[in-house]
Each structure stands twice: as C-alpha cells, then as structure tokens.
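Please open the model in your viewer and keep the sequence panel at hand. The tour below proceeds by selection, and each stop states what is to be found there.

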Amino acid sequence: MSDKITILKNEAGRIITAELSYLPPTFSNSPFGNLPNRKHKYNSAVVQELLRNHVTNSTKLREMSDYLYGLNGIYRRLIDTSKNIISFEYTISPLIKNVEKLNVGTFENKYFKVREYLWDCNLDTTLDDMFFKLLKYGRYSAYDRDSYLQPLPLDYTRIIGVASDGNPIIQFNFEYFDQFPTMREKEFQLNGYDGEFKRLYIRYKQRIDNKNENFANEYQWRTLPHTKTYTLKIGTNLESSEGLGLLYGSVDDIIFYEEMRELDRDIIGSQKRKIIVQQIPVDKEGHSILGEEEIIQMHENLKKLLPANVGCLTVLGGTKYSDIPLQLSAIEKGKMQEVQSDVLMGSGIGEGALKGGNFSTGVLNIDVLTNTLTRILKQIETVWLNRKLKQINGSSQLSFKVKFLGITPFNREKIIDMFDGLLDKGGSLNASVAARGFDVFEYVEMLHIEDRFDLKSKFEPLKTSFTLSKKDGGRQKGTGEGGDNADKASNSGSNELPSPSD
C-alpha cells in the first residue's frame, strides 16, 4: 500500500496546493500496475550455455527438463502428446534355418517362452517409460533382471564405450547408495538391485582397483556387464556418450513464449485497475475552502470506500469524481502466434501436427514425427528386445524376433487395410491380426474357446418382426414394405419374367 500527502500553504496560511494519493497493494509505480517480479530459473542465456556442451551438462539439462515438465504446461503437453502418438502393436516372427526340419513341438515351446517374457516384462509399461525418458532426457539405461528391466538413475550412469554387439558399455556411480544415511536404508536399496551391485559396492568401499571395472582413482565408478545392460539414445550419433531430449532445441522459444504470455496477462490485468480523482472545492482565487485536517479526513473517507483494484487522488478543484481507467493494449496476438509456431517447429513437430492448421502441412508433420518415433521403436527392437530374445532362444535352428508395426491414430486404418489386402491375396494372418492389437496365437486360442463353450450361440440377435418366423409372431405375409402389390408380384413370379432387353 502506498500513501503520499503533499499540502502547501501561502504566507497567509491558505492552502494553495494539495496532492494526496493512495495506491492499493495490487498497484505499484510501474506504468503497468504491479507486474510480479517473476524470477525464472532458466532463461535463454542459461539454456544456450547448457546446450553448448550437452555431454558435460547432461545432469543440468535433465534437471532443466524436470523443472519445465513440472511447471510449464506447453513443455509437458508436447512431451506427453509426442509420447502417446505411437502405439505398440507388434508381430513375433520366426527365424527358421531349415523349414523342412522344423519340429512343431519345439516351435510351440520357444514361441511360448517369447510370449511369457513379453508378459513378465510388462511390455507396454516398459515401452512407455522408455519413450518418456528418451523424449524428456535423450537417454534411457536399464539393467536386465532376467524377467524384466530395471531402469537405472541416469545421473549415476555414464557411457564409456561400445561393446562388440553395438550396445553401449556403461559404468555406475556407486556413490548413489551413499546418499541413504543409515545402513538399513543402504541395505534396503542394495537388495532392490541385482546381486552384482552389492558385490561392486563392496569393492568400491574397499577401494579395490581393477582395470576391468574402473578407471584409475575412480573407485566409485564401476563397469557393469554389457550383456546385462541396455542403453538407448536419441538426438546424437553413436559415439556420443549422451543423447538430446526431443524438446531441448525448442526450450529457448518455450521460455520466451511463456514470458510473453505472463506479460500479456499482467497487461490485461492492469486494464482492470483504475484511479478515482477527488477534487477539493476552492474559492475564486483557487485556494481550498477546507482546512488541512478536513482535506486529509476527506481523503481517508474515500479510501475506505474503494475496492481492491482502485486507487484515489485528491487534488484542488471543483468537487467531483471521475474514473481514470489505465488504458493499455495487450501484446499483438500475431506476435504470440509467431512465437508459438517457433516453439513447435523448434521441437521438430510443426504447428499443423499438434494444434491444427493447413491439412497437408499437418499430415506432413505427423509423418515426420511418426518416423522419429518409429526409429526409436527400431532401436528398442535392436538394442533390447531382439538381443534378449536371442538369449532366450539360444543359438539353434529356430529363433524369434519382435517387429513393431509403427501404428499411430493417423495411420491405423491405412496399415490395417494394407495387411488385410495382403491377406486376401494369400498373405500373413499374423500381421493382419497384430495390427488390431492381438497376438495371432492368442486370437486363434480365443476362437477355439468360443467354439468349445459354444459362446456364439449364447448371443442371439435382437428380436424384431424381421428376425422372427411367422410361427413366433414375425412379419405376416402381405405386410411387407412393398405392400400388397409387392406380395402379389412375389407370388406370381412376375419378378422372374425376362426383361425387355432380353
């Protein structure tokens, strides 16, 4: 709250100047009213500095991504929308060295093991977590717990090389467990990981140096067995030890856009504020006819009547009240839309893809985004799933691999029609069924169960006059839609007569 009182008198003691002002707490000396002093944790300069070396600043970039995802609706929406565009329909394809020697029992046994692993690992949940972290941070690392994947904290893992099978080799920082203050908490956390972690933690605490486990004088960083770890990256090449989140390149524009929106809100809010001017009665010479105490009391009385968004000014003049609205124009909407487009284009998505717009542009941008997400699925196939299935199947005449179909809400019907068209020409039933979200063997099993329990006979069609027989009270002869003439024509066989052209 701001109060200012200025009263001047001449030599005769007459009041020649009186200025009494009052601004409520929602006001300030700013021409826009009270613009909140918002201190953003990240600005353009900070973001650009972090991105200059994304490997060194990877932890800070992840922290930035968490901060924006929690507080910035635009950032969160773009992450969630992008992640949810792709769905996870897949086929399980056999790799058979010699079809003529295929043993049906062996095929069924190995196929069942593959399905069992996909069930045990909670495939959809695991894939959702992978996409979320890849889009948000640019990297995902996990440890193989045989029947499922255990995500590793990214701030405590680092890539140090590439194994012979192309999978990144990672080290784990065992100081992670030191953040838990008591031995019971440490033990509890260690028990939640594979036994290898407890073994390496003890070696770290004993400062055991092993060239196959750690670099010189870095006892806390221990190499995990590359056959048990999986690491995925996006936005960078194979040699880079860190990825780049999908929206890292557009964070600058997102922050700028948010700042513009806040300023726009403040300006619009300031338009609701106003000042009431109260003029003190004066004599012919322009001197106040009221005394100093009366003027102050008059000003205080007015203050008590004002709502929270109104201030007042008391000055010499004829006694009257007038409103002075603070007329301020908001930011041009064209500029806001321009920045919004920059945000979407900077994310590699495009305005038409997520917020409508030109149809052809929208389709093009959806296709570009779908291709990006499909490439991530291909990486998941190669780095994790098919490597794991190879371990399950072993080196033999028969193995299986998973292939994702890359289905989105925008191409689902097109892909289903394509596989159905191939099926009509003698193509695969597997792909046609998988495109609808079923495993082909599960689908066939459902058909067998329905036949076994005669389920289809349990669902009778809705009874109408056209589905009931005459005996059951159905449509009587001569009451058809064509009327009596149609029934007569039917009985006389007139419809069977040759046409004039015959």
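Begin by selecting R207, which counts as exposed at 55% relative accessibility. In this predicted model, R207 sits in the loop between α7 (195-205) and β8 (221-223). Its backbone merits a check: R207 is not a glycine, yet its phi is positive, at about 55°.

**A second positive phi**

Next, select N122, in the loop between α4 and α5. N122 is likewise not a glycine and has a positive phi of about 50°. Is N122 buried, partly exposed or exposed? With a relative accessible area of 48%, N122 is partly exposed, because exposed residues must lie over 50%.

**The largest pocket**

Remain in this region of the sequence and select Y90, L118, W119, L123 and E442. Of the 17 residues that line the largest pocket, these five lie nearest its centre. The pocket holds about 510 Å³ of space. Three elements each give two or more residues to its lining: β3 (90-96), α4 (104-120) and α5 (123-137). Which element gives the most? It is α4, with 5 residues. Colouring the lining by residue class gives 9 nonpolar, 2 polar and 6 charged residues.

**Salt bridges**

Side chains of opposite charge can pair when their charged atoms come close. The count of salt bridges in this model comes to 26, and three of the pairs may be visited in turn.

- Select E445 and R115. Their side chains meet in a salt bridge, with 3.5 Å from N to O. This pair links distant parts of the chain, since E445 belongs to helix α15 (residues 440-452) and R115 to helix α4, 330 residues apart. E445 counts as partly exposed, at 38% relative accessibility.
- Select K133 and D129. The N to O distance in this salt bridge is 3.1 Å. Both residues lie in helix α5, 4 residues apart, or about one turn of the helix. D129 is partly exposed, with a relative accessible area of 23%.
- Select E300 and K303. The closest N and O atoms of this salt bridge are 3.3 Å apart. Both residues lie in helix α9 (residues 292-305), with a separation of 3 residues, about one turn of the helix. E300 is partly exposed, with a relative accessible area of 28%, whereas K303 is buried, at 15%. The two fall into separate classes because the limit for a buried residue is under 20% relative accessible area.

To view a group rather than a pair, select E196, R199, R203, E213 and R222. Salt bridges that share partners join these residues into one network.

**Two buried residues**

Now select L377, in helix α12 (residues 359-393). L377 is buried, with a relative accessible area of 1%. Which residues does L377 touch, not counting those up to four places away in sequence? They are I86, S87, F88, F131, F404 and G406. For a distance to display, join the C-alpha atoms of L377 and K403: the two residues are 26 apart in sequence and 8.8 Å apart in space.

Then move to T408, in the loop between β13 (398-404) and α13 (412-424). T408 counts as buried, at 1% relative accessibility. With residues up to four places away in sequence left out, T408 touches I85, I86, S87 and T370. Two of these names should be familiar from the previous stop: I86 and S87 are also among the residues that L377 touches.

**The whole chain**

Finally, clear the selection and show the entire protein chain. Its secondary structure comes to 16 helices and 13 strands. Of its 502 residues, 39% count as buried. The chain exposes about 29,100 Å², and carbon and sulfur atoms supply 53% of that area. How many of the contacts between residues at least 6 apart in sequence join residues at least 24 apart? The share is 67%. The separation of L377 and K403 in sequence, 26 residues, and that of E445 and R115, 330 residues, may be set beside this figure as pairs already visited.

Methods:
Residues numbered from 1 in each chain as written. Predicted model: local features only at pLDDT ≥ 70, side-chain atom pairs only at ≥ 80, totals over all residues. Heavy atoms only, no water. 1 Å grid on protein atoms, 1.4 Å probe; cavity = no way out; pocket = protein on both sides within 12 Å on 5 of 7 lines; lining within 4 Å. Points joined across faces, edges and corners; volume = space filled by probe spheres on them. Nonpolar A, V, L, I, M, F, W, Y, C, P; charged D, E, K, R; others polar. Salt bridge = Lys/Arg side-chain N within 4 Å of Asp/Glu carboxyl O. Buried < 20%, exposed > 50% of the residue type's maximum accessible area, 1.4 Å probe, protein only. Contact = heavy atoms within 4.5 Å. Areas by Shrake-Rupley, 256 points an atom, 1.4 Å probe, with all protein chains shown as cover.
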